Structures are given as C-alpha cells and as structure tokens.
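Please walk through the model shown here, beginning with its strands and sheets and moving on to the way its parts meet.

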Amino acid sequence: MRYRLDLTLRHAEGALARVLGTAERRGFRPLAVEGETRPDGDRWHLQMTVEGDRAADNLHEQLAKLYDCLDVQVQPCS
Amino acid sequence: MNGARWLAQALVAEGVDTLFGYPGGTIMPFYDALHGTPALKHVLVRHEQGAAFAANGYARASGRVGVCVATSGPGASNLVTGIADAMLDSVPMVVLTGQVPTTLMGTDAFQELDVFAMTLPMVKHSFIARRVDDLPMMVAEAFRLARSGRPGPVLIDLPKDVQMADASHLPAHAPLPVDAVEAPKDASLHEALALISQAQRPVVYGGGGIALGDALQDFRTFVDATQIPTVLTLRGLGALPTKHPLNLGMLGMHGSRAANLAVQEADLLIVVGARFDDRATGKLAEFAPHARVVHMDLDAAEIGKLRAADAGVRGDLRITLAKLTLPCAAHLHGRNGAARKAWRAQCQQRAQQHAARYDAPGHTVYAPALLKRLSELAPEAIVACDVGQHQMWVAQHWRMDHPRKHLTSGALGAMGFGIPAAMGALMQNPSGQVICVSGDGSILMNIQELATLRRYDLPVKIVLLDNQALGMVRQWQELFFDKRYSEIDLSDNPDFVALAQAFGIEALHVERAEDVDAALQALLEATGPALLHVAIDTAANVWPLVPPNRSNSEMMDDIEASPAVAIPSPPAHAPSPQEA
C-alpha cells in the first residue's frame, strides 16, 4: 500500500533524517522525496511517497510526535 | 561568563541538583564551570555507561529529570545504551555531550563522533548547540520535552568553542512549564463505559504508563471501586500492591498462570498505560482472543499500534480513570453483577491455586524464597535489578507496593543496569534504602561502579545471585536448543567476595538455605555499601514460561516438579531470548 505524506517541518538540524528514519523504522519504505524551504526560511515543506503494509494511522501518529514535525497529512495514493 | 558557566547556572534554574558524568577533552569548559556552581553535585562514575544508567535510575525513582554528562567520541558513545534504555522505558533524561569545536566538526578530528546522528532513533529529541545564543532555547526545550507528555531522553551536543564563547549577553535561564496533558474526549469515555458496562469477564491490564502519568491513586481507586481482576506488566508492577486481592500478578512470558489465563478468557481488556509489548502478549494473534479492548493511554501512537482498540481513550490517565470510576462502579451490581462476581471468584481461586511455593526441599538457596524474604525484611526499599533470570524472579516474587520502587530495564533489557541505577536511586533520596539484585553475568558489565559506591559511601545493598552461568540463555538453550549449551558457562567467575572487598565494599557469602535469613539481616545492617554473594543452583530455571511464538495459555512449568504438565513442542525456528 502506498501513501503520500505532506509534512511541514521545522528547518532544524536533523529534521529530515528524523522523518525518513521514523518512516523506515516503522515499516514504510520511502519511494520518493521532494521538498523545499519557502521564502520564510524556517520551514521545510516536504512530500514523501512511502510504501508499507502496516497501518498508516500509526505512521501518522509516530511522525506527529516528532518535535520538528509541525504538521503531517497521510493519504493513500496509487 | 562563558557558555559553560551559563549552562551550569541554567541546570540549577531547572532544579537539577545532581548530575552523573565523566570529564574529558571537549567537555572541560563545563567541568571548569562546576567549580563555581556548588548547587550542582557531580557524581564521578567510572564508565560513562554508569553515568547514563545512574541518571536513568535517579529519574525512575524520583520522577524528576536525570542528567548525565560525557565528553565527545568514546565518552558519548559509551552513554548510548543508557540513553536507549531511557527512550524505550520513557524515562526523563537530559544528556549533555561535549563535541569538538564547530570549526573541526566534520573533519574527523580527535574524538569527533556524530553522537547527534548516532542517537537519532533513541532520543525524544536532540540538539547541536552551534552558537552560544542557541543555549537558552535548547536547554529550556530539552527539559520541557524530557518532562512533558510521555517522558524521554533529550540530548544536547555542546561544541567546545560554544562552551567557551562569551555568554554574558544571555538572559538568566527561564525554565518552561511542562505541557498540559489533554483531557480525554467525552465521546471516547462514553464508548469505554458502554463496553465496560456490557462485560461479564473484564480484566484490567495495567502498565508503566500509570506511574508515568502520576495516576497511581486513580488507578487503585478504579480497581477497588469496580472490583475488576487486574494483571500488570513488568513496568506496571506495584501499581497494585502484591497482596491486593484483585492483583493476579504479572502477565506474559514469565507471568503468573492466574494472570495469563484470566487475560486469555476475558471478554474485555481495560488497558491502562500499557502497550501490548510482545513479552506481555506472547503470540499476538492468540492474545486475549475473546476480548474486546478499551485502551487508555496518553500516547495516541500506542492506541491501535499492535491490537485494535474497540474504544481508544487518549489523554490524561488521571482524568480518564477518575471520570470512569463511578459510572463503572455502578455496574458492579448491575445486570452483569452475578456474572462478574463469579468471574472474580474464579480468578481469585486460580490465583490461590497457582500461588508460588517457597518450600523448596534441600539445602541449596532457593532464589525466589530469598527474594520474597528480603522484600519482607525491607518493605520500604527500592529494588534495582539487572537483567536475566534474577530480574524475572524479582518481578515474580518481590512484594511490591509502588512502581517507582522497582527499577528494571524493561524494554531494552540491558545487563549492567542494576548497580548504577541503584546508585542513582540512592542519590535522589540519600536517606532511603536501595537494594540491587544482580546476577553473575550482569554484575561484571558495570562492576567498576563499586568504586563509585565506595567513593561516595552510598549504602546500596547488592544481592548477587550466582549460578555460574548466563542463566536465562542457558535456560533457553536447555528448552529450545536441545541442551546444546553455547558460551554460557561462567564457572570461572572471579571470587566476588574478594573482588568486592578489593573495592572496599563489605562482602558476605551464603550457600545454604538455612543461613539465608541471617545473611540477609547482616546485609541490611551493614552501615555502608555491601554485597551478599549467593551461590544458587546452576540448573535453576524461571517458571512459568510461555515458549516463544506461543499463546500465553501454553505456559510451561517446572517439568520435574509438575511432570503432568504438557510441554508444547518447540517452534520450528527457535529464536534466541533476544529475538523472541
């Protein structure tokens, strides 16, 4: 099952590594990652496609717990 | 005022009175700052892992943030196991590591190690202070995060030049308040209440979250008011006193028969601050097969993670339990009252029927009896365990009345935890009594901390259960690897009495059951740190045991004592104790 993640992160040291690491450790393989910092400069806006058999709700909760993760949306995708 | 001195004063402002550490090159400015900060008592350990476990034990026993300090490189990497343990068991810690100067970071400098990256999976959060101006936010956030919600460790990496930079322009440190805990939603409480009111065979399954959420009294009130039989996880032990009539004991791999069978037969599990850990559930697909689930937890990520909840109640456990107590108690004598009463009687009868026996024949010391007796002789003591068979015997046989008096490396299962954790527990209450129960495998993993006990004259009482083997691994090799014993023989152990005495620790030895009482009395009456070396049977096993990948209803028991008990055949692939 594939999911699209839309994340808003603090533009902080380690934020990307934490998100990628959390997704992988919790059973979701990253397939694509795209992101940018907006002109305000203190936020990452990141889109990820991941694949995994576990419950996406739990991935959402695990990512939402990260200090650097200000918002996360998880949606199924093809 | 440099960054290090500002940091030392900030720690005082955060309420830190004790920190555990070991100095080295890149953390020297901070150690220099300790000279001017008498409010901080620094405990010099003999290995950084000891510092991390001591801070961990301090935090577990007190509920306050434990702080440890080390230099960069090997100092930082030696902390890692203690940090991981804090993460997995939700222990509030702040970890301070020295780092090479910012100009050398990324150049493979002497003692440079990317501890920030190394610890990403095992911290609640971490920071690298790249500028002295980062310190106020990072220190305040570190303590707020460590304390808030589900606690955990936070690391701050401190480059040496940042510690030495001028900080005279920084404001005095202002601690941040702990985050308010969300109250449960009314709708989720109504769902939970509906399920509880329908249940005829309910069981409360309590875990470590009860103490973490300061919900001990509310939990006890709930159980007493509802009269629902209760099982506890390893980290939940003490949430109900051992002798409480509704306490069926620990569930899981080495759980009691009464606890495991109650869960397997229940029609409702009321899960309070527990997380369906594999050591508790056995084969998850066959765990509590007839039960619906009400899951109460502060951490939304735990609800539904491993077992779907029919009613998930996320939020403050104190409020959750307080709001459910009266409505649930009203059903005590309701339409299911008779069924509930019969169920309760069945559970209690089974608990009596399968109660542990302590009348082992012969003159060999029977470890479960010794531990039970010691807990009766020292009812106020905190017990800190190492990891292995003795850890499970403590869980099964120690008379407990508070979770913060039982310090055990639950999720990580880290040998070497016991002595430093006991040290930390004693530091948070120097007039208290702390007992460390260890094994001959575990104790040598942090034996150097006997020097710390001696240096600070910390009267930790150590009970060393010596079976001359890595007992838990030996037990698994006996049962699941056709007795092909591999690398578990420790018959060439050092003379532990002489070893303790070499550290200046009073040491005693006992090997006959009839001498145990006198030995325990002597241990407890020792004025300073003391060690009791106890020779036990090499072949002793921990019973009951749920074999790996089996249902909790398939408990094995002592095959010699209970030959009639059917022993399931081992699984096709026999995993190790660590893998299972």
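In what sense, and over how many bridges, do β7(B) and strand β10 (residues 268-272) of chain B pair? In this predicted model, the two strands pair in the parallel sense, and five bridges hold the pairing in register. One of the partnerships can be followed residue by residue, since B:Val204 has B:Ile270 of β10(B) as its bridge partner. Strand β7 of chain B is also joined to strand β8 (residues 230-232) of chain B, again in a parallel run, through three bridges; here B:Gly206 is matched with B:Leu232 in β8(B).

The surroundings of β7 of chain B deserve attention as well. The strand spans residues 202-206 and is mostly covered, with five of its five residues buried. In a regular strand the side chains alternate between the two faces of the sheet. For β7(B), B:Pro202, B:Val204 and B:Gly206 point one way while B:Val203 and B:Tyr205 point the other way, and all are buried.

To place this strand in the whole of chain B, one may turn to the domain assignment, which gives domain 1 (3-164), domain 2 (186-353) and domain 3 (367-535).

In the N-terminal part of chain B, six strands form an open sheet with parallel pairing, in the order β2-β1-β3-β4-β6-β5. Strands β2 (41-44) and β5 of chain B stand at its edges, and because each has a single partner strand, one side of each is left without a neighbour in the sheet. From one strand to the next, the twist averages 20°. Within this sheet, strand β3 (residues 66-70) and strand β4 (residues 93-99) of chain B make a parallel pair over five bridges, and B:Cys68 stands opposite B:Val95 in β4(B). Helix α3 (residues 48-62) of chain B lies across β1 (18-21), β2, β3 and β4 of chain B, and its direction is at about 170° to that of β3(B).

A further open sheet of chain B has six strands in the order β14-β13-β15-β16-β18-β17, and its pairing is parallel. Its edge strands, β14 (406-407) and β17 (506-510) of chain B, each pair on one side only. Strand β16 (residues 461-466) and strand β18 (residues 530-535) of chain B pair in the parallel sense over six bridges, with B:Ile462 opposite B:Leu531 in β18(B). Helix α17 (residues 418-428) of chain B packs on the sheet, where it touches β13 (382-385), β14, β15 (434-439) and β16 of chain B, and its direction makes about 175° with that of β15(B). Helix α21 (residues 516-525) of chain B packs on the sheet too, touching β16, β17 and β18 of chain B, with a direction that makes about 170° with that of β17(B).

How far apart do the C-alpha centres of domain 2 of chain B and domain 3 of chain B lie? The separation is 31 Å, and the two domains meet through 13 residues of domain 2 of chain B in contact with 13 residues of domain 3 of chain B. On the domain 2 side of this boundary in chain B, the residues divide into seven nonpolar, five polar and one charged.

One loop position of chain B can be added to this picture. B:Ala330 has its place in the loop between α13 (317-329) and α14 (337-353) of chain B, and because 13 other C-beta atoms lie within 10 Å, B:Ala330 counts as partly exposed. B:Ala330 and B:Ala225 are 105 residues apart in sequence, yet their C-alpha atoms are 8.8 Å apart in space.

Chain A remains to be described. Chain A has two helices and four strands, and from the N terminus on its elements run β-α-β-β-α-β. Its radius of gyration is 12 Å, close to the 12 Å that the globule rule gives for 78 residues, so chain A is as compact as a globular protein of that length. Of the 78 residues of chain A, 31% count as buried. Among the contacts in chain A with a separation of 6 or more, 67% are accounted for by residues 24 or more positions apart.

Finally, the two chains meet where eleven residues of chain B are in contact with 13 residues of chain A. Strand β5 (residues 125-128) of chain B gives the most to the side of chain B that touches chain A, contributing three residues. By class, that side of chain B has seven nonpolar, three polar and one charged residues.

Methods:
Residues numbered from 1 in each chain as written. Chains lettered and ligands numbered in written order. Predicted model: local features only at pLDDT ≥ 70, side-chain atom pairs only at ≥ 80, totals over all residues. Contact = placed C-beta atoms within 7 Å. Nonpolar A, V, L, I, M, F, W, Y, C, P; charged D, E, K, R; others polar. Domains from an automatic or database assignment. Pairing = 2+ DSSP bridges. Axes fitted to C-alpha atoms, helices over the stretch in contact; angles between N-to-C directions. Buried ≥ 20, exposed ≤ 12 C-beta atoms within 10 Å, placed from the backbone. Rg over C-alpha atoms; globule rule 2.2 N^0.38 Å.
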